[in-house]
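Work through the exercises below with the model open beside you, and try each task before reading its solution.

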Amino acid sequence: MVKDSAVNLRDFGAVGDGVTDDTTAVQAAWAHCVTNKVALYIPTGIYNYTSLNNAVPVKRLFGDGDGSVLRYTGGDANDAMGFQGSSSLYVTLSWQDFTLKSDGNSTGRGISFDSNGSVGGFQQSNFTNIAVFGFGDAKTFTDWANATVYAANDVVLSGGVLFQTTTGGTTNGTYVADDIGITDWTEYSPVSAWHLKDCWEITLTRCDGRGSTVGWLLNRVNDVSLISCNARRNAYIQLDIGGSTAVNISGGNYATGSNGEGTGSIGIRLGNSFGRAAGVSLFGIYTESTDVALDLRSVKGLTMGGCRF
């Protein structure tokens, strides 16, 4: 991202000293970038704000890395960045190299994109090197669409993206859908770190699910690959697959025993209340458990090779 072609948040009066209330500056800069379709640059600093006062996302948003911090001080159940509207809002978004954090008093979500049920709501978008933490529910792509129809395709999340909930959160971590590649993303959530439901054509590489009841929950998915992914410090199941077909698990650690980082009773479970797991491939993975390392509850067409149990 070229800084010279972007609007600088400080040009609208933001101080970024971690003490000043920069809400007015943040709102003005955001509105300007939405209206004029230009990029917003967040220079190094801590910018306190209480609301964006805008339901439309900036197309291009970037900072200098971990030092560029937007700190939400609204102290309520509202979303720090909450967007809602038709699918046209979520095409070719590019966000990178910044942190969104709470002051510790927020019970709402960090970032929420709601496409109002529009199929294909997310397209050709990239989210890279973003950290979101300290919220009651910090997951981003909540409500991609209504009910079980999710709206997203050609979305790339990469480069150490971190979304972390507080211990008070009660919902699942991540819902994703059609034709998505996700790389180097660690997801924390108190229930399911990764919950892929009614999804297809998903590839996740070097992604971790930690600190939850279930590390990975794959329900009614098709053509999904987890490559060198891990499940760590999850209380019950590291990887749970049900009602799904054509699932490839290649490499990675899904152990719950003393040699792994988890504490749960089941390493991998194939088949759950969503139905049978079919066409599952397990290659080069490691799983163990003090209870059950591999639970073949309901599976058809299982292929394994190079695994350690």
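Contact here means heavy atoms within 4.5 Å. The model is predicted, so to speak, by computation: local features need pLDDT of at least 70, side-chain atom pairs count only at pLDDT 80 or more, and totals for chains, interfaces and linings use all residues. Residues are numbered from 1 along each chain as its sequence is written, and side-chain values use heavy atoms, with hydrogens and water left out.**Exercise 1.** List the residues that Met-81 touches, leaving out residues up to four places away in sequence.

*Solution.* Applying the contact criterion gives Trp-30, Tyr-49, Leu-52, Leu-61, Leu-70, Trp-95, Leu-100, Gly-110, Ile-111 and Ser-112 as the partners of Met-81. Next, place Met-81 in the largest nonpolar core, which has 29 residues and in which Met-81 is among those that touch the most other members, together with Leu-9, Trp-30, Leu-40, Tyr-49, Trp-95 and Leu-100. Such a core is a set of buried Ala, Val, Leu, Ile, Met, Phe, Trp, Tyr and Cys residues joined through side-chain atoms within 4.5 Å, where buried means under 20% relative accessible area with a 1.4 Å probe and protein chains only.

**Exercise 2.** Decide whether Leu-217 is buried or exposed (over 50% relative accessible area), and describe its surroundings.

*Solution.* Begin with the relative accessible area of Leu-217, which is 13%, so this residue is buried. Then locate Leu-217 in strand E18, residues 214-219, a strand being a DSSP run of at least two E residues, numbered from the N terminus. Finally, leaving out residues up to four places away in sequence, Leu-217 touches Ser-192, Trp-194, His-195, Leu-196, Asp-240 and Asn-272, while the C-alpha atoms of Leu-217 and Arg-269, 52 residues apart along the chain, are separated by 9.7 Å.
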